[in-house]
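Me: Could you take me through this model with a few questions and answers? Please start with one side chain and work outwards from there.

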Amino acid sequence: MAATRTVRVLVIGLLAVLAACADSDPAPVVWQVDAFKLPAESPAGSFRIQDKSIVHVPEDLSTLSEGERPMVATMAGQGIQGSAYWRYWLPEEEGRGFYKLKVTVFDSEDAAAAAWDRRYPPEALDGTQPLEVGQSGFLLPGRIAGFRLQRLMTEIEAGGQAGALESFVDHYAAFAREQAARR
């Protein structure tokens with residue numbers, strides 16, 4: 001009799017724990033912004049890359065210096081997990097042009113969508129072409145492109161005499177899709 005009561009108590013306790021776990025929201029999966037850096041050697045070709053800025057938002061902001069905290073706290077408040085800015089040079093365009101790639105990773109698709117809408121309201125995209133990547137995208141041929149893919153927001157700008165923006169965007173979009181599918 002005592003053994004049956006013990007088993008019932010254990011089963012009821014286990015069911016309570018399982019119910020509590022089912023009701024809790026799962027923690028968002030952290031996408032590291034570094035994972036979205038197109039490697040120097042890729043199917044798109046060989047690149048020279050310069051890291052301009054890479055910021056990760058840690059779970060504990062107290063680990064940051066006093067100078068870093070306000071900026072990173074603002075990013076965290078906007079749902080940003082990380083942000084990076086890289087410059088890419090194609091060998092055939094070295095010395096003439098480059099591509100500025102800015103990538104922002106958000107903690108949710110809703111945060112990414114809200115940031116996209118603030119950055120690119122419909123009237124700002126007048127005169128651009130739609131870019132069929134992810135949930136939103138645009139292309140201003142030869143100058144700038146941007147897209148939102150799930151929790152990732154990307155902007156690619158041609159600088160100097162860069163002449164292969166559309167090709168670079170196609171290659172980067174394929175890479176970003178592949179990386180997002182792995183997360």
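**Strands, salt bridges and rings**

Me: What is the relative accessible area of glutamate 157?

Reply: Glutamate 157 counts as partly exposed, a class between buried (under 20% relative accessible area) and exposed (over 50%), computed with a 1.4 Å probe on protein chains only. Please keep in mind that this is a predicted model, where local features need pLDDT of at least 70 and side-chain atom pairs count only at pLDDT 80 or more, while totals for chains, interfaces and linings use all residues. Residues are numbered from 1 along each chain as its sequence is written, and side-chain values use heavy atoms, leaving out hydrogens and water. For glutamate 157, the relative accessible area is 28%.

Me: Which residue meets glutamate 157 in a salt bridge?

Reply: A salt bridge needs a side-chain nitrogen of Lys or Arg within 4 Å of a carboxyl oxygen of Asp or Glu, and here the N to O distance is 3.9 Å. The pair links distant parts of the chain, with glutamate 157 in strand 9 and its partner in strand 5, 57 residues apart; strands here are DSSP E runs of at least two residues and helices are H or I runs of at least four, both numbered from the N terminus. The partner counts as partly exposed at 23% relative accessibility. That partner is lysine 100.

Me: How far apart in space are arginine 87 and lysine 100, C-alpha to C-alpha?

Reply: Arginine 87 belongs to strand 4, residues 80-89. Its contacts (heavy atoms within 4.5 Å), not counting residues up to four places away in sequence, include Phe98, Tyr99 and Lys100, as well as Arg48 and Ile49. Although 13 residues separate arginine 87 from lysine 100 in sequence, their C-alpha distance is 4.7 Å.

Me: Which side chain makes a polar contact with the side chain of arginine 87?

Reply: A polar contact is a pair of N or O atoms within 3.5 Å; within protein, one must be able to donate a hydrogen and the other to accept it, and residues adjacent in sequence count only if both atoms are side-chain atoms. The contact in question has a distance of 3.5 Å. The side chain that arginine 87 meets in this way belongs to tyrosine 85.

Me: How many residues of strand 5 are buried, and out of how many?

Reply: Strand 5 runs antiparallel to strand 4, joined by eight bridges, and it pairs with strand 9 in the antiparallel sense over nine bridges; two strands count as paired if DSSP finds at least two bridges between them. Threonine 104 appears in both pairings, opposite serine 83 and opposite methionine 153 in strand 9. Strand 5 is largely enclosed by the rest of the structure, because its buried residues number eight of the ten.

Me: Which are the edge strands of the open sheet?

Reply: The open sheet has seven strands in the order 3-4-5-9-8-7-6, with antiparallel pairing. Each edge strand pairs on one side only. They are strand 3 (48-56) and strand 6 (129-130).

Me: Which helix packs on the sheet?

Reply: The helix touches strand 5, strand 7, strand 8 and strand 9. Its direction makes about 155° with that of strand 8, where axes are lines fitted to C-alpha atoms, for helices over the stretch in contact, and angles run from 0 to 180 degrees between N-to-C directions. The helix, spanning residues 109-119, is helix 3.

Me: Which residue of helix 3 does glutamate 155 meet in a salt bridge?

Reply: The two side chains come to 2.6 Å, N to O. Glutamate 155 lies in strand 9 and its partner in helix 3, so the pair ties together parts that are 36 residues apart in sequence. Glutamate 155 is buried, at 13% relative accessible area, whereas its partner is partly exposed at 46%. The partner is arginine 119.

Me: What is the geometry of the ring pair phenylalanine 47 and phenylalanine 168?

Reply: Rings of Phe, Tyr and Trp (its six-membered ring) pair if their centres lie within 6.5 Å, with planes under 30 degrees apart counted as stacked, over 60 as edge-to-face and the rest as tilted. Both phenylalanines are buried, and they belong to one aromatic cluster together with Tyr88 and Tyr99. With centres 5.7 Å apart and planes at 85°, the pair is therefore edge-to-face.
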